[in-house]
Structures are given as structure tokens and as C-alpha cells.
Amino acid sequence: MVSAPDGSEGTVMTISYDAIIVGARCAGAPTAMLLARKGYRVLLVDRATFPSDTLSTHLIHAPGVAALQRWGLLDEVVATGCPAVEGYSFDFDFFTIAGTARPSEGNTTAYAPRRTVLDKILVDAAAAAGAEVREAFTVEEVLVEDGAVVGIRGRDAGGVSVVERARVVVGADGRNSHIAKVVKPEQYHEKPMLQWSYYTYWSGLPTNGFETYIRPDRGWAMLPTNDDLTLLVLGWPYAESNAYKADVEANYLKTLELAPEVAARVRSAKREDRFHGGSVPNYFRKPYGPGWGLIGDAGYNKDPITAQGISDAFRDAEVYSTALDEIFTGARTFEDAMAEYHAARDEHALPIYEFTTQLATMEAPPPEVQQVLLAVSTNAQAQSDFVSMVAGTMSPVEFFSPEHLGPLMAAAAR
């Protein structure tokens with residue numbers, strides 16, 4: 001036990017923060033950094049210590065890379081030796097769509113740093129900006145008074161029980177968010193788990209950028225990461241997950257034989273890690289309420305097949321921290337700023353959410369979509385546009401619009 005401010009032994013009470021952020025990875029750490037850079041008093045807590053790993057496809061598309069550049073952190077990521085991903089390819093067996101994404105603020109390059117590398121950089125940047133960072137911190141209770149969240153109770157790395165209060169408590173703690181479980185936000189656009197995937201790391205496995213392979217009821221992708229390793233993730237439909245899990249390595253390697261050239265490359269490589277994997281639900285949650293907010297996977301989650309998570313988290317960090325700044329300065333009410341953030345998030349995210357969840361079913365696309373993809377494969381500009389849609393620099397709404405596809409389909413028909 002420790003002495004409280006009144007001299008008694010018990011829970012330590014401290015002064016209030018502007019924001020307490022629970023979860024210090026790709027959504028929480030940048031949000032803490034951006035708020036701290038504006039002069040706000042921020043507490044960032046996580047049950048993990050850093051560096052540490054987490055399940056992730058860990059690709060940062062061009063918009064996310066542009067965010068790192070704006071924050072002054074891109075050079076640190078590049079300095080870790082993480083290779084640049086200059087191009088994307090999607091092999092549909094009988095044809096391939098390949099190209100370079102449209103630029104985001106002049107950048108067309110993606111990176112796939114290990115989470116042990118990226119998350120440490122982000123946490124250190126939050127601390128350098130002035131945020132108070134507490135690792136190995138366990139949140140035990142979310143404090144609610146008169147219907148509003150006002151703080152947290154938890155235990156620090158030394159096991160000391162502490163209570164901290166803030167103007168807003170932000171859940172950046174993933175799809176199993178402790179904050180979300182307490183506030184019970186509205187959940188909508190829900191879809192079940194769609195595919196089950198496993199990934200591991202290989203040495204001696206060359207890859208040409210971000211390579212994706214689509215086969216009937218199967219799909220996989222590989223991309224370069226730190227330490228001259230290649231991540232190779234392979235998915236089956238969720239309905240077959242028990243069969244996949246029965247012998248992960250055998251099923252993983254057997255599936256690669258659907259592309260003999262890839263299988264040959266993998267046979268010449270060396271596996272450097274165990275298999276990691278699982279599946280995720282797909283949903284949107286209302287991201288705010290009295291005294292609380294949800295960002296990153298805590299607020300909206302989708303299958304990782306298009307690797308949107310990190311770029312989405314970075315976007316959340318910027319838009320959400322801007323909204324909080326408006327609230328804290330009195331420029332806007334909490335309800336007005338959060339409602340606008342909510343609407344903007346959903347307008348941006350829903351089109352790629354629908355595209356991603358359709359792709360994650362691993363079902364053959366309808367004949368009309370197959371015709372579109374085949375036509376795209378015959379046109380270099382259309383291929384780059386498809387790549388841009390996956391990379392987040394072109395909306396699926398624009399890509400699939402009649403104005404965009406009409407001339408392409410007419411030319412293919414001729």
C-alpha cells in the first residue's frame with residue numbers, strides 16, 4: 001500500500017488530464033503525440049511494454065506513410081532498414097493486375113515495418129512530445145459519474161493502484177476494447193468473421209513489392225519487412241478454419257502449390273518464426289459519448305485482407321485529435337465536433353469496408369465484376385487505379401463509378 005494525498009494508505013489520486021488514452025499502438029500513440037504537441041496534458045497507458053509484437057499484416061499504405069512524413073517520423077522508420085514497397089500486384093491466376101498507387105501528398109511508396117519497430121517509434125514520439133506514457137499498466141475500471149466517463153482506475157507496473165481523471169477517456173485498445181465493453185456503444189454494419197489466416201516470416205524469399213494471389217476459396221499475400229524478412233500471410237474461408245487449424249503448416253504449404261512459381265520460391269526459403277493468425281469480426285461502433293471516445297480498431301474494424309488498419313489508425317489519430325482540440329479550446333461543442341468526426345469517418349471508411357469484406361469471403365466475384373477485372377488487366381492506367389483503390393488513394397466509389405469504368409468497358413468491348 002502507498003500513502004494517499006490525505007496521508008492515509010490506499011489508492012493514489014492524481015490531478016486530472018485533458019485526455020487519458022488507453023492503448024499505445026498505431027491509433028493511441030499518434031493521438032497522444034498530436035495532442036501533446038498542442039500543449040495538452042495527456043496520459044497514455046498500455047498493458048504492454050515496448051518494443052513488443054502484436055498480430056498485424058503491418059503494411060502502411062501511401063496515406064499512412066504521408067502521415068508519418070507530416071509527423072516527422074518517416075525517416076526513423078526508413079532508418080530501421082525496412083524496405084520500400086514500390087508496387088502492388090494482384091494475381092488472379094489467368095491474369096494479373098499490377099501497378100503503382102496514385103500519390104498521397106507526393107508519396108506513392110508503402111512500408112511494412114515490424115510492429116516491434118513501428119510501435120516503439122510511435123510511443124517514443126508521444127513521450128518526446130510531452131505525453132506521460134505508462135507501460136505495463138492494467139486498466140481495472142472505467143470510472144463513470146452521472147452517466148459520463150471521468151477517468152480510470154488501474155495498476156501501474158509496480159502493482160500500485162491508481163485513479164486518474166480526465167476530460168475525456170479515449171479507447172484505442174483494439175477490437176476487444178475495455179472502454180467499449182463499459183460504454184456499450186451502438187454497433188452497426190456488422191458482418192461475421194469471413195476468413196481465417198496465418199502468417200509467418202521467411203528469409204531468402206524475394207518479393208516484388210506487395211504481391212497478392214487470389215485463387216478459388218484461397219488467397220495469400222507477401223511483402224518485405226525488416227531484417228531481410230518477408231511476411232507471407234495465407235487465408236482460407238472462415239467455414240474451413242477448423243480444417244486449416246488441424247495442420248497449419250501442411251495446409252499453408254499445400255495451398256501455395258496453387259501457384260507453382262511461388263511454392264518453388266518458398267521451398268528455397270527458410271521459415272524464421274512460428275505461425276501467427278486468427279480471424280476478426282467486422283463492425284462499426286459509434287465512436288463517442290459523454291466523456292469517452294473510440295479510435296482505431298476499437299471504433300471500426302474490418303478483415304485485414306486489404307491491410308487498411310494502420311493507415312486507418314493514423315487517419316483517426318489526426319482527425320480525432322483535431323476534433324478534441326476544437327472541443328478543448330471551446331471552438332465547438334463536444335457533440336458537434338464528435339458528430340462531425342463520426343460522419344466523416346464513416347463516409348471515408350464504408351466504401352473500402354464493403355470492398356474488403358466482399359473480398360474476404362473468398363467467393364468468386366459475380367460475372368460482371370470478373371469482366372471488369374479482366375478489362376482492368378488490359379489497361380495500364382486502370383491497373384494503377386485498382387492498385388490505388390487498395391492503397392487508399394482512390395475511393396472504391398470513384399473506381400466503380402460508371403464515369404470511370406464506362407470508357408474502359410467500352411474499349412474492352414471494341
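The following exchange concerns the predicted model of this protein.

Reader: How many helices and strands does the protein have, and what radius of gyration does the globule rule give for 414 residues?

Author: The protein contains 14 helices and 24 strands. Its radius of gyration is close to the value that the globule rule gives for 414 residues, so the protein is as compact as a globular protein of that length. The radius of gyration of the protein is 22 Å, and the globule rule likewise gives 22 Å.

Reader: What does the C-alpha trace span along the principal axes, and what percentage of the residues is buried?

Author: Along the principal axes, the C-alpha trace of the protein spans about 80 × 45 × 40 Å. A residue is buried when its relative accessible area is under 20%. Of the 414 residues, the buried ones make up 55%.

Reader: Among contacts between residues at least 6 apart in sequence, what percentage joins residues at least 24 apart?

Author: Contact here means heavy atoms within 4.5 Å. Among the contacts between residues at least 6 apart in sequence, those joining residues at least 24 apart account for 72%.

Reader: What area does the protein expose, and how far apart are the mean positions of its positive and negative charges?

Author: The exposed area is about 17,400 Å², of which carbon and sulfur atoms supply 52%. The protein carries 35 positive and 53 negative charges. The mean positions of these two sets of charges are separated by 3 Å.

Reader: What span should helix 9 have, and is helix 9 largely enclosed or not?

Author: Helix 9 covers residues 309-328, and at 1.5 Å a residue its 20 residues should span 28 Å; the end C-alpha atoms are 28 Å apart, which agrees. Of those 20 residues, 14 are buried, so helix 9 is largely enclosed by the rest of the structure.

Reader: Which residue just after helix 9 takes a positive phi, and which residue in the loop before helix 9 has a positive phi without being glycine?

Author: Just after helix 9, a positive phi of about 85° is taken by Gly-330. The loop between strand 24 (300-301) and helix 9 holds Ala-307, which is buried at 6% relative accessibility. Phi of this residue is near 55°, a positive value in a residue other than glycine. The two residues are therefore Gly-330 and, in the loop, Ala-307.

Reader: Where is Thr-31 found, and which residues does it touch?

Author: Thr-31 is found in helix 1 (residues 28-37). Its relative accessible area is 0%, and Thr-31 is buried. Not counting residues up to four places away in sequence, Thr-31 touches Ile-21, Ile-295, Ala-317, Tyr-320 and Ser-321.

Reader: Is Tyr-353 buried or exposed, and what distance separates its C-alpha atom from that of Lys-302?

Author: Tyr-353 is found in helix 10 (residues 334-360) and counts as buried, at 0% relative accessibility. Leaving out residues up to four places away in sequence, Tyr-353 touches several residues, including His-189, Glu-190, Tyr-300 and Lys-302. Although Tyr-353 and Lys-302 are 51 residues apart along the chain, their C-alpha atoms are separated by 6.5 Å.

Reader: In which strand does His-189 lie, and what is its phi?

Author: His-189 lies in strand 14 (residues 187-191). With a relative accessible area of 37%, His-189 is partly exposed. His-189 is not a glycine, yet it has a positive phi of about 50°.

Reader: Where is Pro-51, and which residue does a cis peptide bond join to it?

Author: Pro-51 has its place in the loop between strand 5 (42-45) and helix 2 (62-71). Omega is about 5° for the cis peptide bond, and the residue joined to Pro-51 by this bond is Phe-50.

Reader: Where is Ile-179, and with which residues is it in contact?

Author: Ile-179 has its place in helix 5 (residues 178-183) and is buried, with a relative accessible area of 0%. The C-alpha atoms of Ile-179 and Glu-141, 38 residues apart along the chain, are separated by 9.0 Å. Leaving aside neighbours within four places in sequence, Ile-179 is in contact with Val-22, Val-142, Val-169, Gly-171, Asp-173 and Leu-294.

Reader: How many of the 12 residues of helix 12 are buried, and which are they?

Author: The end C-alpha atoms of helix 12 (residues 380-391) are 16 Å apart, which agrees with the 16 Å that its 12 residues should span at 1.5 Å a residue. Of these 12 residues, 10 are buried, so helix 12 is largely enclosed by the rest of the structure. The buried residues are Ala-382, Gln-383, Ser-384, Asp-385, Phe-386, Val-387, Ser-388, Met-389, Val-390 and Ala-391.

Definitions and conventions. Residues are numbered from 1 along each chain as its sequence is written. This is a predicted model: local features need pLDDT of at least 70, side-chain atom pairs count only at pLDDT 80 or more; totals for chains, interfaces and linings use all residues. Side-chain values use heavy atoms; hydrogens and water are left out. Helices (H or I, at least four residues) and strands (E, at least two) are DSSP runs, numbered from the N terminus. The radius of gyration is taken over C-alpha atoms; the globule rule is 2.2 Å times the number of residues to the power 0.38. Buried means under 20% relative accessible area, exposed over 50%, partly exposed in between (1.4 Å probe, protein chains only). Accessible areas come from the Shrake-Rupley method with a 1.4 Å probe; for residues, only the protein chains shown count as cover. Lys and Arg count as positive and Asp and Glu as negative; His and the chain ends are not counted. The place of a charge is taken as NZ of Lys, CZ of Arg, CG of Asp or CD of Glu. The expected span of a helix is 1.5 Å times one less than its number of residues.
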